[in-house]
Amino acid sequence: MSLLPVLAANVPELLGSSWSQLGTVLIATVAIYGTVILAGRIMGLRSFAKMTAFDFAATVATGSILASASVGSVPLASGVTAIACLFTVQWLVAKVRRNTSAKSVIDNRPLLLAKDGQLLTDNMASASIHADDIRAKMRQTGITRREDLAYVVLESSGDVSVIGRDSEVEDWLMEDVSKDPTREVGRT
């Protein structure tokens with residue numbers, strides 16, 4: 001008698017599941033994963049772009065739904081519906097963001113952290129950014145002296161942008177950047 005059939009029969013028991021439960025998890029995982037990919041393709045690259053607070057919340061919710069549907073905590077149809085709803089809401093919020101007033105409620109405003117080589121320590125403190133973060137960004141962009149900084153901006157996505165003095169900066173580029181975070185409504 002071969003040991004293989006005996007092992008195969010006992011594997012689900014060792015894992016605390018039946019073959020049908022494991023099959024259901026396999027099918028649900030592939031289906032919900034496919035739904036996330038399909039929704040991302042339909043809704044576009046914005047779904048997976050650099051994250052604002054709203055995007056982060058949507059990503060966490062997607063992961064939670066994916067996990068719940070994969071292990072059978074919720075029915076597959078509920079998981080697929082939740083993913084479709086979440087991506088639809090994200091798409092709608094992206095449309096609403098086109099309105100300047102609504103955008104200011106949904107997204108953080110970019111914040112000026114340095115100008116003309118001078119670090120704006122009050123702004124850095126309000127954003128919990130340390131000088132080490134700015135030094136690291138300077139190294140990444142190849143700026144080797146603080147005097148060579150024109151601007152350092154904390155973007156609404158959480159990224160830090162560094163612009164050197166050798167760049168000609170159009171006023172339009174900086175018009176949405178907050179110079180004083182204490183004047184921002186709802187900003188801590």
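Here is a short friendly conversation about a sheet, a helix and a few side-chain pairs in a predicted model.

Student: What should I know about the model before we start?
Tutor: This is a predicted model, in which local features need pLDDT of at least 70 and side-chain atom pairs count only at pLDDT 80 or more, while totals for chains, interfaces and linings use all residues. Residues are numbered from 1 along each chain as its sequence is written, and side-chain values use heavy atoms, leaving out hydrogens and water.

Student: In what order do the strands of the open sheet lie?
Tutor: Helices (H or I, at least four residues) and strands (E, at least two) are DSSP runs, numbered from the N terminus. Two strands pair if DSSP finds at least two bridges between them. The open sheet has four strands with antiparallel pairing, and their order is β2-β1-β3-β4.

Student: Which strands are the edge strands?
Tutor: An edge strand here pairs on one side only. In the order β2-β1-β3-β4, that description fits β2 (118–119) and β4.

Student: How many bridges join β3 to β4?
Tutor: Strand β3 covers residues 149–154 and runs antiparallel to β4. Among the facing residues, L149 stands opposite G164, and V152 has V162 as its bridge partner. The number of bridges joining β3 to β4 is five.

Student: Which residue in the turn between β3 and β4 has a positive phi?
Tutor: β3 and β4 form a hairpin, with five residues between them. In that turn, a positive phi of about 100° belongs to G158.

Student: And which residue of β3 is the bridge partner of L112?
Tutor: β3 also pairs with β1, in the antiparallel sense and over four bridges. Within β3, the partner of L112 is V153.

Student: How many residues of β3 are buried?
Tutor: Buried means under 20% relative accessible area, exposed over 50%, and partly exposed in between (1.4 Å probe, protein chains only). β3 is largely enclosed by the rest of the structure, because its buried residues number six of the six.

Student: Is S161 buried or partly exposed?
Tutor: S161 lies in strand β4, which spans residues 160–164. Its relative accessibility is 25%, so S161 counts as partly exposed.

Student: Which side chain does S161 join in a polar contact?
Tutor: Contact means heavy atoms within 4.5 Å, and, not counting residues up to four places away in sequence, S161 touches Y151, V152, V153 and E155. A polar contact is a pair of N or O atoms within 3.5 Å; within protein, one must be able to donate a hydrogen and the other to accept it, and residues adjacent in sequence count only if both atoms are side-chain atoms. At 2.7 Å, the side chain joined to that of S161 is E155.

Student: What angle does the direction of helix α7 make with that of β4?
Tutor: Helix α7 (residues 131–141) packs on the sheet and touches β1 (111–115), β2, β3 and β4. Axes are lines fitted to C-alpha atoms, for helices over the stretch in contact, and angles run from 0 to 180 degrees between N-to-C directions. For α7 and β4, the angle is about 55°.

Student: Within what arc do the buried residues of α7 fall?
Tutor: The buried residues of α7 are A131, I134 and M138. The arc is that of the directions from the helix axis to the C-beta atoms. These residues line one face of the helix, because seen down its axis they fall within an arc of 60°.

Student: Which exposed residues does the other face of α7 carry?
Tutor: The buried residues of α7 pack against β1, β2, α6 (121–126), β3 and β4. On the face turned away from that buried side, the exposed residues are R139 and Q140.

Student: With which residue does D132 form a salt bridge?
Tutor: A salt bridge is a side-chain nitrogen of Lys or Arg within 4 Å of a carboxyl oxygen of Asp or Glu. D132 has a partner three residues apart in α7, about one turn of the helix. With the closest N and O atoms 2.2 Å apart, that partner is R135.

Student: Which residues do salt bridges that share partners join into one network?
Tutor: R145 forms a salt bridge with E147, at 3.8 Å between the closest N and O atoms. R145 also meets D148 in a salt bridge of 3.2 Å, N to O. The network therefore joins three named residues by shared partners: R145, E147 and D148.
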